[in-house]
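Biologist: Could you walk me through the labels on this one? I would like to hear how each of them is earned.

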Amino acid sequence: MVADANELDDLHWLKSMASNELDLRPPSLVNIGRNSIIIHDDSGKPIAYTTLTNRWNGSEINSFLVDPEHRGKGLSHKLLSKINQSRVFCYTRNPRLQSALEKAGYSRKLFPGIIATFNLVLTRTGLLIWMLATFDFKRIFHQIINLPKYKLYMKKD
């Protein structure tokens with residue numbers, strides 16, 4: 001399947017945003033798929049994005065970003081309102097996203113469940129290996145240093 005020009009523009013924007021946000025996965029691994037939600041401005045430029053990943057026993061919001069020029073305009077709430085899956089969870093250390101999650105009905109939890117945790121350990125190990133292989137030490141260091149600051153939020157419909 002060949003991507004059209006708009007999809008390529010969206011992907012280019014997403015990769016540039018991910019390169020500046022060290023809490024996100026490396027830009028080389030971000031993509032736009034069927035579980036991605038993108039909000040565009042009136043001119044068609046992407047300004048907010050999230051994607052969910054199936055974690056066997058629920059879905060994880062594993063990338064969530066709003067263009068810095070458009071923060072504070074309710075786009076986080078709009079993205080969260082478009083998520084239709086049940087049993088969704090998100091790890092974040094961002095206080096703005098934590099507030100938006102709480103307002104959207106997510107609650108603070110300590111453990112996502114055994115199956116989800118097993119899946120997370122596998123995928124995070126693969127992500128670490130990828131970052132080592134691509135010499136993305138700045139992102140690795142940032143994420144390890146901030147690991148204790150991440151909080152889990154869950155929503156069960």
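Modeller: Happily. E3, H2 and E4 make a right-handed β-α-β unit.

Biologist: What makes the unit of E3, H2 and E4 right-handed?

Modeller: A crossover is right-handed if, with the strands pointing away from the viewer, the path from the first strand over the helix to the second runs clockwise. The path from E3 over H2 to E4 fits that description. Helices (H or I, at least four residues) and strands (E, at least two) are DSSP runs, numbered from the N terminus.

Biologist: What kind of model are these labels computed from?

Modeller: This is a predicted model, where local features need pLDDT of at least 70 and side-chain atom pairs count only at pLDDT 80 or more, while totals for chains, interfaces and linings use all residues. Residues are numbered from 1 along each chain as its sequence is written, and side-chain values use heavy atoms, with hydrogens and water left out.

Biologist: How do you know that E3 pairs with E4?

Modeller: Two strands pair if DSSP finds at least two bridges between them. E3 and E4 are joined by two bridges and run parallel, with Glu60 opposite Phe89 in E4. E2 (residues 46–54) runs antiparallel to E3, with seven bridges, and one of the partners there is Val66 in E3, facing Ala48. E2 and E3 form a hairpin with four residues between them, and Trp56 in the turn has a positive phi of about 70°.

Biologist: Why is E3 described as mostly covered?

Modeller: Eight of its eight residues are buried. Buried means under 20% relative accessible area, exposed over 50%, and partly exposed in between (1.4 Å probe, protein chains only).

Biologist: Why is the contact between Glu60 and Arg55 called a salt bridge?

Modeller: The term needs a side-chain nitrogen of Lys or Arg within 4 Å of a carboxyl oxygen of Asp or Glu. For Glu60 and Arg55 the N to O distance is 2.8 Å, so the pair qualifies. Both residues are buried. Salt bridges with shared partners join Arg55, Glu60 and Arg124 into one network.

Biologist: How many salt bridges does a search of the whole structure find?

Modeller: Five. Another of them is Glu21 with Arg71, whose closest N and O atoms are 3.0 Å apart. Glu21 lies in the loop between H1 (5–20) and E1 (36–40) and Arg71 in the loop between E3 (59–66) and H2 (75–81), so the pair ties together parts 50 residues apart in sequence.

Biologist: Why does Glu21 count as partly exposed?

Modeller: Its relative accessibility is 25%, so it falls between the two limits. Arg71, at 34%, is partly exposed as well.

Biologist: Arg87 and Phe135 also caught my eye. What is unusual about their phi values?

Modeller: Most residues other than glycine have a negative phi. Arg87 has a positive value near 50°, and Phe135 one of about 60°.

Biologist: Which of the two is buried and which exposed?

Modeller: Arg87, in the loop between H2 and E4, has a relative accessible area of 18%, so it is buried. Phe135, in the loop between H4 and H5, reaches 62% and therefore counts as exposed.

Biologist: Why is H4 called oblique to H5?

Modeller: Angles under 35 degrees count as roughly parallel, over 145 as roughly antiparallel, 65 to 115 as roughly perpendicular and the rest as oblique. H4 (residues 114–133) and H5 (residues 137–146) pack at about 140°, with axes 8 Å apart, so oblique is the word. Axes are lines fitted to C-alpha atoms, for helices over the stretch in contact, and angles run from 0 to 180 degrees between N-to-C directions.
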